[in-house]
Amino acid sequence: MGKKGKKEKKGRGAEKTAAKMEKKVSKRSRKEEEDLEALIAHFQALDARKTRIVETPCSPPSPRLNASLSAHPEKDELILFGGEYFNGQKTFFYNELYIYNIRKDAWTKVEIPNPPPRRCAHQAVVVPQGGGQLWIFGGEFASPDGEQFYHYRDLWVLHLATKTWEQVRSPGGPLGRSGHRMVAWKRQFILFGGFHESTRDYIYYNDLYAFSLDAFTWSRLSPSGTGPTPRSGCQMTVTAQGSIVIYGGYSKQRVRKDVDRGTQHSDMFLLKAEEEREGRWAWARVNPSGAKPSPRSGFSVAVAPNHQTLLFGGVCDEEEEESLEGHFLNDLHFYDPVRNRWLAGQLKGPKVEKRRRRRGKKGEPGGANQQEMKGTGAQEPLEVVREVVAEDGTVVTIKQVLAALGPAGRPESDNDEDDDDGPNEAGVPAVEPSPRSNAMLAAKHGRLYLYGGMFEAGDRQVTLSDLYCLDLHKMEEWTVLVAMDPESQEWLEETDSEEDSDEVRGAEGGGEDEEDEEDEAGGTEAGALQTESPDTHPSMDDAESCEEQEVTSSAMYFLWNLPPSPVSPRPERRPPSATRL
């Protein structure tokens, strides 16, 4: 009894401490949120000018991370909403809606009156009701310099059949947050975790809410058992049996004044609805077997047709006293809830057409020469290592492994007689996405789609806009649907005297003046990034001259021509959500 009483007392103490911190954060953040509300209202006034639905075929969306990518419940389409982009000086937020037609391999920008305000790190859930609905809750907005934050607590629904946005106002819902997770469960949404941050304080949540799709009401759940500690950016998926799995995530805590330490969680919990007790839930800790993912944050999650959970990429942070290094990942893992087991997503490699080569007979020049060339022309895989020194002295090490070439200039094969086709038999380099975090992931018809995200090279953040597809049945190789456009990369060095007099214009890449110009001349769209395309791009041979070049998008083009080094120091200034989602 004594131990139990101490445990309960300790639990109540933790709840009181969390309540005090929540009140403290709420009070301090209220002032800066009021400042940002004026900026949000400005952009909503611009959106209010749209009075009709406009669907425009377009090129792929601009680079972004922390957007949402959802599969349409009835059509062969993917729905992309929101996101953020950081160019070294300012953070840009979006509330654009894009539709990707899978069969036609084509993008369409859909402008709908009265959309949700610009945001990132929200949650989007699709349900089949009424011809399909896309529900969005919460998310984050920030000042252009990324120093002030606004966390939404609003709920929106996009009616896909009629292409209309509707804000659903229901009291008693979760507090404003981003980095939370939300899933559809029967006729409800279940929401867990997330974080709220002000300039000086932050709080991570582990609360649980349910939203009824019938009554349009929120209710807070209080499951029995011990659940996950507060966190954001975790995996939250529903099993075929109706349980909810929570895995991993990120949180940070203050170890002393102005010093925070992050935690990359790797524990797993199961949330189950109690039988014969409607509305009652229970937590249980589970320990899966198999090839578990390494601890990480910023990973992406989707659910396969067989209810297996797919986990891709992320970043593993190594923190020192005054530094933070991130190892970016591009591996794929499957979680099988039936067997409670992790599986590594091993790709078989591209299939090559069988070609039975003729063996040269004795005395024939061809056979002898072939043997001779095979013996003398075999080469080892070539690793190219280059160092790029930026203007600020940052050294970025970039590695590229080239397949060994045979005498004819083709990749060397271990077996010249193609009687047995093995994985990647001809030595063809496997196509795969570059290491990244905070990417968007969705599954449709047994295919996995990966869009965007970011990685870091020195003190620079490279935000991606590429699109990959993987056939989950064949598991051979990724297919590039949209290649990365180097010209879309922009990086502006921080200056001592930043020109922030036009912050409203910079917050979204477009302001009221730009909107007026757009109305008159059909120019660039509001919220789109304006980047200057360099006239020339440095070639591979110009690596040494990069030390003397100004760091522009042309320098980023050079960096892109070689795969990024997965390990790079974490920059001091980051977009609002990138380290914790």
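User: What percentage of the 581 residues in the protein is made up of buried residues?

Analyst: In this predicted model, buried residues make up 50% of the 581 residues in the protein, where a residue counts as buried if its relative accessible area is under 20%.

User: Why is Trp135 called buried, and what makes Phe216 partly exposed?

Analyst: Trp135 has a relative accessible area of 1%, and because buried means under 20%, Trp135 is classed as buried. Phe216 has a relative accessibility of 33%, and since partly exposed covers the values between under 20% and over 50%, Phe216 counts as partly exposed.

User: How many aromatic pairs does the rule give, and why is the pair of Trp135 and Phe216 called edge-to-face?

Analyst: The count comes to 27 aromatic pairs. For Trp135 and Phe216, the ring centres are 5.6 Å apart and the planes stand at 90°; because rings pair if their centres lie within 6.5 Å, and planes over 60 degrees apart count as edge-to-face, this pair is edge-to-face.

User: What makes this a pair that ties together parts of the chain 81 residues apart in sequence?

Analyst: Trp135 belongs to strand S9 (residues 133–142), while Phe216 lies in the loop between strand S14 (202–212) and strand S15 (218–221), so the pair ties together parts that are 81 residues apart in sequence. Both residues are also members of one aromatic cluster, which is formed by Trp135, Phe137, Phe189, Tyr209, Phe211, Phe216 and Trp218.

User: How do you know that the charged end of Arg64 sits over the ring of Tyr94, and where does Lys252 lie with respect to Tyr202?

Analyst: The charged end of Arg64 is 4.2 Å from the centre of the Tyr94 ring and sits over that ring, the distance criterion being within 6 Å of the ring centre. Lys252 lies over the face of Tyr202, with a distance of 4.7 Å from the ring centre.

User: What makes S20 and S23 partners of strand S24?

Analyst: Strands pair if there are at least two bridges between them. Strand S20 (residues 289–290) is joined to strand S24 (residues 341–344) by two bridges, and these strands run parallel; in this pairing, Gly290 has Trp342 as its bridge partner in S24. Strand S23 (residues 324–336) is joined to S24 by four bridges, and these strands run antiparallel, with Ala344 in S24 as the bridge partner of His333. The hairpin of S23 and S24 has four residues between the strands, and Asn340 takes a positive phi near 50° there.

Terms used
Residues numbered from 1 in each chain as written. Predicted model: local features only at pLDDT ≥ 70, side-chain atom pairs only at ≥ 80, totals over all residues. Heavy atoms only, no water. Buried < 20%, exposed > 50% of the residue type's maximum accessible area, 1.4 Å probe, protein only. Phe/Tyr/Trp six-rings, centres within 6.5 Å; stacked < 30°, edge-to-face > 60°. Lys NZ or Arg CZ within 6 Å of the ring centre and 35° of its normal.
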